[in-house]
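Here are my notes on the model you asked me to look over, set out as numbered points to be read beside the structure.

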Amino acid sequence: MSITTIQTKRASPVTVSFGPIHLTCYNPYAAPKSNVIYVYKQQATHPRFLYSNHDILRRNHAISIDDIREVVLHIVANAPPPTWIKVENVNLINRTVALFIPGLTPEILGLPPLPTSAIVNPNIPISIPLLPPTSSTSDQVSLPGCIPFIANTFSHACPTRAPGDSTRMHSVLSSFFSGPVTGEEKKRRQSLRAQTDSTKADPKQYLLTLDQMIENDYPIPSYMAEIFQKPDGWLETPKPAENESHWNQKIYAIDCEMCITEDGKELTRVCVIDYTSGKVIYDQLVKPRKPILDYLTRWSGITAAQLDPVTTTFEEVQAHVMSLLSPPPLKSPKSNPFRMPSPTSRSSRSRSRSPKATSFAPPPTPIVIGHSLESDLKALKICHPLCIDTALIYHHPRGRPLKPGLAWLTKKWCNREIQTRGEGGHDPEEDARACLDLFKKKLELGSAFGEFKVDFESVFERMARVTARDITGGVAKVKTAVVDHGNPSSMHGSKATTAIGCASDDEVLDGITGAINSHQFVYGRFLGLANTLGWITPKSASDTPENVPVTPPPSAEELAPVLKDLNRHLTALHASLPPRTAFLIFTGHSDPRKMAQLNARKSRWETALKSGKSVEEVVNVEGVRWTTADTRELEEQVELARRGLVFLGIKQ
């Protein structure tokens with residue numbers, strides 16, 4: 001059987017019948033824009049994508065980010081084929097590149113608006129029109145003409161929908177990088193959970209592994225790994241003895257508060273609670289060495305009046321905490337003259353003839369618990385090997401790499417509220433006690449308690465379990481790379497083979513082109529366009545008042561140089577791709593600013609009411625109002641923000 005695809009003007013698709021399935025077929029990388037007839041046979045020796053309009057029309061929603069992830073996994077990790085698109089000759093694809101480019105909207109690309117008619121499905125792929133001929137005499141800037149790569153490379157853009165609910169858009173990256181495990185992996189995890197639940201009361205099963213400590217930027221003791229260079233003033237607790245006793249092992253919860261001085265963040269208060277007794281065994285304010293620039297009262301709860309009379313130094317506090325976290329001094333049984341011989345003393349004496357045997361075990365090293373405990377250890381300048389982190393043993397509802405907040409966890413799983421003092425800041429005793437209570441829940445109810453996506457994993461973990469077809473004909477483990485702004489190794493790239501942090505789109509381009517020949521899957525993100533559009537807000541500006549109007553979009557003259565830079569990046573990247581590389585671009589979402597602004601006002605309204613204020617106080621004193629009309633507007637803005645596009649093709 002053969003399929004005939006008639007292409008006019010360029011690689012524009014038509015719908016043909018293949019048995020009971022209707023497929024939209026196209027060759028996205030066809031260079032000539034002339035009337036050409038392509039005949040594809042079953043024995044074709046090149047891969048290609050085929051949209052299934054039949055499946056897309058049956059859906060009541062657009063293609064999701066999950067769907068895009070499953071296409072990538074189908075190509076790279078032998079996952080089941082998706083239904084909305086067919087990948088012909090998938091075994092011939094050698095490499096896969098996925099680009100996330102927020103800001104690449106239909107308006108910029110000159111695409112027709114989504115249909116609003118009830119009889120037209122807005123989710124089917126949109127044909128990308130040919131670029132009009134440029135006129136040297138025209139002064140008007142054509143935005144599609146500034147980024148011709150898209151129209152010259154892809155024939156269609158498929159509408160997508162970001163994850164979320166009626167009032168919020170969820171993380172696009174979390175959805176793309178995390179998915180359900182395979183059936184085989186699920187069985188393995190169920191078996192492992194059954195084993196751990198048989199010893200669910202053992203605290204040691206929740207200790208962080210060395211890999212987890214490295215991944216979450218913990219200060220690592222030198223006897224665990226030589227990867228953390230301790231600056232001056234840092235200490236590490238002694239190495240636990242291999243044969244140390246675990247009887248009566250101490251467990252402490254720690255929480256610290258900091259302020260900003262001329263040297264950066266410095267410790268201002270530490271609280272330590274004993275797990276067994278539930279009593280505070282140490283709670284001390286600390287006088288920073290350098291003048292304080294910001295007390296961070298909103299978070300720390302520390303004020304100038306509290307610290308003025310304090311004379312306790314950091315070194316004194318550090319020494320006291322070290323004494324708690326270090327194992328108690330070793331004491332020989334011979335030091336007690338009244339010690340009675342045990343019933344096994346005779347056999348013990350016989351075993352003592354062995355030079356390796358001892359009649360008593362060293363005392364245990366204490367375990368320390370905290371929430372994002374690495375921050376507290378850094379504040380104390382202490383390296384400790386036995387750590388339990390409630391931000392890791394409990395899961396965020398949207399999965400890794402997101403970490404749940406302590407206040408949210410305590411409300412969700414302990415049914416009580418903490419950190420409710422508003423501008424008064426946090427109470428370290430309250431936070432440390434919350435960590436203890438959450439840990440007790442784990443010991444009581446088992447390791448699966450508090451997990452939302454129990455059978456989910458990073459796409460990189462799944463890819464690492466399969467072998468790849470080597471260009472030379474051999475097979476090897478799949479190698480993956482993440483090239484992104486910031487530090488991807490601490491977030492979504494933590495499970496990838498290679499994670500490359502970048503400071504600009506130029507560096508992202510260099511990182512992708514440098515990684516593609518040695519990795520089967522490469523993810524990259526260009527942020528220049530989104531920055532110009534004002535879609536990305538720095539963390540330092542996250543507290544901008546919600547009544548500040550959303551700035552209008554930049555003019556065509558302002559966007560033109562940014563789009564030309566993006567076009568240059570895409571053209572250079574495409575030219576560097578090896579043959580038979582699957583190339584995906586997804587935009588993720590649309591302008592999120594109005595949605596974020598409305599959610600900020602809604603959150604402020606709800607927080608004020610929860611604090612016990614009346615509606616009149618909130619409206620007249622706080623100046624905040626929320627109505628049913630605002631709820632409807634928020635829902636509309638969320639739907640608009642969740643719209644995106646995906647472009648798929650294969651370089652032949």
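**Notes on selected loops and one helix**

1. Asn-89 sits in the loop that runs between strand S7 (85–88) and strand S8 (95–100). In this predicted model, Asn-89 has a positive phi of about 55 degrees, although the residue is not a glycine. With a relative accessibility of 23%, Asn-89 counts as partly exposed, because buried means under 20% and exposed means over 50%.

2. Helix H13 (residues 373–380) is mostly covered, with six of its eight residues buried; these are Leu-373, Glu-374, Asp-376, Leu-377, Ala-379 and Leu-380. The partners against which the buried residues of H13 pack include helix H11 (314–325), strand S13 (251–261) and strand S14 (264–274), and among them are also strand S17 (367–370), strand S18 (382–383) and strand S19 (387–389).

3. Just after H13 comes Lys-381, which is placed in the loop between H13 and S18. Its phi is near 55 degrees, a positive value in a residue other than glycine, and Lys-381 is partly exposed, with a relative accessible area of 22%.

4. Pro-578 belongs to the loop between helix H20 (556–576) and strand S26 (581–586), and this proline is buried, its relative accessible area being 13%. Leaving aside residues up to four places away in sequence, Pro-578 touches Arg-95, Ile-516, Asn-517 and Lys-651. As for Asn-517, 61 residues separate it from Pro-578 in sequence, while the C-alpha to C-alpha separation in space is 7.4 Å.

Conventions
Residues are numbered from 1 along each chain as its sequence is written. This is a predicted model: local features need pLDDT of at least 70, side-chain atom pairs count only at pLDDT 80 or more; totals for chains, interfaces and linings use all residues. Side-chain values use heavy atoms; hydrogens and water are left out. Buried means under 20% relative accessible area, exposed over 50%, partly exposed in between (1.4 Å probe, protein chains only). Helices (H or I, at least four residues) and strands (E, at least two) are DSSP runs, numbered from the N terminus. Contact means heavy atoms within 4.5 Å.
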